[in-house]
Amino acid sequence: MRTVDVVIAGAGPAGSATAALLAAAGVRVLLTDRSPFPRPKPCAEYLSPEAGRILDRLGVLDAVSQDAARLTGMRIVSPGGIAFVGRFRPLGDATPFRPWGLALPRERLDGILANAAAARGADFRPGTALESFAAGPTGVVVQLRAGATREAVHAAILVGADGLRSRIARALGVARGADRHRTAFVTHAESVSGMGDVGEMHVFAGGYVGLADVGGGITNIAAVVDRARMPAGSGTRQRLEALLDRVPAVRGRLAGARFVSPVRAVGPFARSTTRATADAVALVGDAADFYDPFTGEGIFAALRGAELLAPHVCRALEHGTLRAADLAPYDRDRRRAFAGKWWLERAIGAVVARPALLDHVAERLARRPAVADLLVGATGDFVPARRVFRPSVVWRMVA
Ligand SMILES: Cc1cc2nc3c(=O)[nH]c(=O)nc-3n(C[C@H](O)[C@H](O)[C@H](O)COP(=O)(O)OP(=O)(O)OC[C@H]3O[C@@H](n4cnc5c(N)ncnc54)[C@H](O)[C@@H]3O)c2cc1C
């Protein structure tokens with residue numbers, strides 16, 4: 001049986017970044033993805049300013065920036081049509097890596113990251129799915145399948161970076177289901193009118209439509225809807241069109257537009273895990289926790305999660321300490337890094353789900369751009385989320 005130090009299942013941003021960091025540290029890494037690469041991924045395709053800082057540390061920022069759009073902030077439009085804009089700018093000692101986020105198709109971003117992992121020495125195998133695994137305190141045996149070929153691989157550690165519906169998280173019994181069932185419909189279009197240098201979120205009762213320039217004259221269109229508000233119809237295109245009809249301001253800008261990729265659906269989402277570690281296994285990225293697409297920080301969390309995980313894996317390999325208890329400090333680091341964002345995401349989700357409340361808050365933030373900048377800076381990952389919860393800030397959002 002082939003033996004490696006680490007098998008990573010899933011070559012999205014979480015898996016590829018983990019693979020790149022481990023391979024650069026001399027770890028023998030097998031990085032697999034069930035899909036052939038490059039592969040599309042339903043996503044609004046916007047990276048927060050702080051994601052850029054991590055891409056820079058990974059040595060891929062120049063490649064990612066080439067042809068990517070720069071978004072200098074976010075424009076939120078409430079169900080009642082009240083708009084406010086928050087910009088990425090320095091706020092006291094909180095300074096964005098750059099005063100813009102990047103947006104580009106996931107085929108390109110994920111391809112660059114997987115190639116970077118391979119260039120650092122990871123054995124990258126697209127088109128190879130993890131089927132099952134047996135893990136214990138001394139290591140793990142992973143069953144892989146590529147077409148009709150099956151292979152068993154022994155590793156010290158398995159990293160589950162297999163995304164939203166992580167097979168590994170479910171097999172470990174740590175996956176918590178969605179509390180709200182929502183579905184997203186995503187496509188790309190050319191010739192959308194009125195696109196500027198900010199990402200846009202247009203909220204309607206039970207959902208929202210996001211628009212983002214992703215470079216090359218292409219706009220990413222992503223609509224998210226609660227199951228209870230799902231439009232009738234069978235096709236993904238038909239359903240997306242029906243959702244766009246719910247936002248006349250967006251519909252009007254699509255008069256001369258043409259969809260240039262299939263409409264892809266994904267959901268339900270908003271799941272989490274009770275913990276991200278088990279004997280000889282660790283989860284990272286969406287496999288560990290999923291962020292609401294509204295706040296657009298899943299890719300940052302995937303990249304940051306990789307940075308948090310890699311040193312724990314290196315230490316475990318060095319000392320042969322592979323038990324869940326040995327890997328548990330990674331859980332602690334995740335809580336420290338992400339707890340504020342989890343709370344912020346929930347608070348934003350609660351406001352967005354209440355049209356009258358969002359209208360009220362949007363009206364305040366339209367008049368108080370500094371507070372809007374603070375909120376958008378927190379979702380952009382460079383302002384500590386706790387600053388948004390200060391009573392003086394909350395007061396200025398509602399009073
Ligand atoms: C509608 C929508 C819009 C979003 N918009 C944004 C946004 O604008 N900005 C942002 O930062 N985040 C956004 N997100 C979240 C973002 O897409 C995820 O957080 C991010 O992709 C997580 O990366 P990951 O590497 O953990 O998982 P993924 O990118 O999902 O990668 C997981 C990989 O695992 C592979 N895989 C699955 N099962 C197996 C298996 N058994 N064996 C081997 N491989 C397997 C899959 O093929 C996939 O390539 C959005 C999400 C949705 C649903």
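Student: Are Glu200 and Arg253 buried or exposed?

Tutor: In this predicted model, both Glu200 and Arg253 are buried, and buried stands for a relative accessible area under 20%.

Student: What makes the contact between Glu200 and Arg253 a salt bridge?

Tutor: Their side chains meet at 2.8 Å, N to O, and because the limit for such a pair is 4 Å, the contact qualifies as a salt bridge. The pair links distant parts of the chain, with Glu200 in strand 14 and Arg253 in the loop between helix 7 and strand 17, 53 residues apart.

Student: Why is Glu50 called buried, while Arg53 is called partly exposed?

Tutor: Glu50 has a relative accessible area of 9%, and since buried means under 20%, that label applies. Arg53 has a relative accessible area of 28%, which falls between the cut-offs of 20% and 50%, so partly exposed is the right term. The side chains of these two residues, Arg53 and Glu50, meet in a salt bridge of 2.7 Å, N to O, and being three residues apart in helix 2, they are separated by about one helical turn.

Student: How do you know that Arg258 forms a salt bridge with Glu190?

Tutor: The closest N and O atoms of Arg258 and Glu190 are 2.9 Å apart, and a salt bridge requires a distance within 4 Å, so the pair meets the criterion. Arg258 lies in strand 17 and Glu190 in strand 13, so the pair ties together parts that are 68 residues apart in sequence. Arg258, with a relative accessible area of 49%, is partly exposed, and Glu190, at 27%, is partly exposed too.

Key:
Residues are numbered from 1 along each chain as its sequence is written. This is a predicted model: local features need pLDDT of at least 70, side-chain atom pairs count only at pLDDT 80 or more; totals for chains, interfaces and linings use all residues. Side-chain values use heavy atoms; hydrogens and water are left out. Helices (H or I, at least four residues) and strands (E, at least two) are DSSP runs, numbered from the N terminus. Buried means under 20% relative accessible area, exposed over 50%, partly exposed in between (1.4 Å probe, protein chains only).
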